[in-house]
Amino acid sequence: QDDVITMKRIMDSLPTKNVALTTMVITEVLGNFSPIERFYVETKAENRQGYLGENLAVSLEQEGHIKDMVKEMEKLRDKIADRNKGKSLAYDVLSPNNIPITTQT
């Protein structure tokens with residue numbers, strides 16, 4: 001009986017209207033860029049796919065702040081590495097190297 005495909009079986013397998021509508025709305029919202037969302041790529045070569053248009057690129061002022069943040073993250077990484085020298089059990093939980101969603105070079 002599992003091999004028999006009928007219109008009733010197909011219709012019974014579809015989600016309810018509310019579930020389908022909720023799924024569509026969530027997909028639409030999460031699939032769009034926010035009007036205030038901006039992206040940073042260090043070089044044009046990093047944007048090989050061409051996803052960033054002028055309206056999605058960060059401003060020069062924002063770029064300066066991002067570069068400052070990268071420098072500070074590098075200092076933090078080095079400070080944690082220095083602190084852990086000679087320790088048998090290094091504490092590096094907060095090191096930028098172990099946090100995947102940080103701007104690093």
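Guide: Buried means under 20% relative accessible area, exposed over 50%, and partly exposed in between (1.4 Å probe, protein chains only). This is a predicted model, where local features need pLDDT of at least 70, side-chain atom pairs count only at 80 or more, and totals for chains, interfaces and linings use all residues. Residues are numbered from 1 along each chain as its sequence is written, and side-chain values use heavy atoms, leaving out hydrogens and water.

Visitor: Okay, so is Glu72 buried or exposed?
Guide: In between: Glu72 counts as partly exposed because its relative accessible area is 47%.

Visitor: Which residue does Glu72 form a salt bridge with?
Guide: That's Lys75, with the closest N and O atoms 3.2 Å apart. (A salt bridge puts a side-chain nitrogen of Lys or Arg within 4 Å of a carboxyl oxygen of Asp or Glu.)

Visitor: And where do those two lie?
Guide: Both Glu72 and Lys75 sit in helix α3, 3 residues apart, or about one turn of the helix. Lys75 has 52% relative accessibility, so Lys75 counts as exposed.

Visitor: How many salt bridges are in the whole structure?
Guide: A full search turns up 4. Among them is Asp78 with Arg77, at 3.3 Å between the closest N and O atoms. Asp78 is partly exposed at 39%, and Arg77 is partly exposed at 26%.

Visitor: New topic: how many helices and strands are there?
Guide: You get 3 helices and 0 strands. (Both are DSSP runs numbered from the N terminus: helices are H or I, at least four residues, and strands are E, at least two.)

Visitor: Why does Asn84 count as buried?
Guide: Because its relative accessible area is 10%. Asn84 lies in helix α3, which covers residues 60-84.

Visitor: What share of the chain is buried?
Guide: Of its 105 residues, 10% count as buried.
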